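This briefing goes through one protein chain by topic. Please look over the sequence and the model before reading the points.

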Amino acid sequence: MDREGGYIQLRPLNGGVEWDALPEHVVPAEQSDAMSAEVAKANAQSRSARSGAAL
């Protein structure tokens, strides 16, 4: 998400509450994790569109 005061601010790929981490404890997300998050997002949007609700 961002950097502040020597920390990296992170948030789960599927959304949620962010947290701070030291840069040396952070590794990039695996491509499969990022793809899973995008598929989950697309599925949620599809379900929402079918039910007539907006995200």
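Among the elements of the chain, β1 has the lowest mean pLDDT, at 77, and β3 has the highest, at 94; pLDDT is the predictor's confidence in each residue, from 0 to 100. This is a predicted model, in which local features need pLDDT of at least 70, side-chain atom pairs count only at pLDDT 80 or more, and totals for chains, interfaces and linings use all residues. Residues are numbered from 1 along each chain as its sequence is written, and side-chain values use heavy atoms, with hydrogens and water left out. For the chain, the mean pLDDT is 83, and 89% of its residues reach 70 or more.

**Overall make-up**

- The chain holds one helix and three strands; helices (H or I, at least four residues) and strands (E, at least two) are DSSP runs, numbered from the N terminus.
- Read from the N terminus, the order of the elements is β-β-β-α.
- Of the 55 residues in the chain, 9% are buried, where buried means under 20% relative accessible area, exposed means over 50%, and partly exposed lies in between (1.4 Å probe, protein chains only).
- The chain exposes about 4600 Å², with 52% of it supplied by carbon and sulfur atoms; accessible areas come from the Shrake-Rupley method with a 1.4 Å probe, and for residues only the protein chains shown count as cover.
- Among contacts between residues at least 6 apart in sequence, 5% join residues at least 24 apart, a contact being heavy atoms within 4.5 Å.

**The sheet**

- Three strands form an open sheet in the order β1-β2-β3, with antiparallel pairing; two strands pair if DSSP finds at least two bridges between them.
- The edge strands, each pairing on one side only, are β1 (2-4) and β3 (19-21).
- On average, neighbouring strands of this sheet are turned by 35° against each other, direction ignored; axes are lines fitted to C-alpha atoms, for helices over the stretch in contact, and angles run from 0 to 180 degrees between N-to-C directions.
- In a regular strand the side chains alternate between the two faces of the sheet.

**Strand pairs**

- β1 and β2 run antiparallel and are joined by three bridges; Arg-3 stands opposite Ile-8 in β2.
- These two strands, β1 and β2, make a hairpin with two residues between them, and Gly-5 in the turn has a positive phi of about 55°.
- Strand β2 (residues 7-10) is also joined to β3 by three bridges, again antiparallel.
- Gln-9 has Asp-20 in β3 as its bridge partner, and Leu-10 has Trp-19 in β3.

**Salt bridge**

- The count of salt bridges is one, the rule being a side-chain nitrogen of Lys or Arg within 4 Å of a carboxyl oxygen of Asp or Glu.
- The side chains of Arg-11 and Glu-18 form this salt bridge, at 2.9 Å from N to O.
- Arg-11 counts as partly exposed because its relative accessibility is 40%, and Glu-18 counts as partly exposed because its value is 39%.

**Leu-22**

- Leu-22 lies in the loop between β3 and α1 (31-51).
- Its relative accessibility is 31%, so Leu-22 counts as partly exposed.
- Leaving aside neighbours within four places in sequence, Leu-22 is in contact with Gly-6 and Tyr-7.
- Leu-22 and Ile-8 are 14 residues apart in sequence, and their C-alpha atoms are 6.2 Å apart in space.
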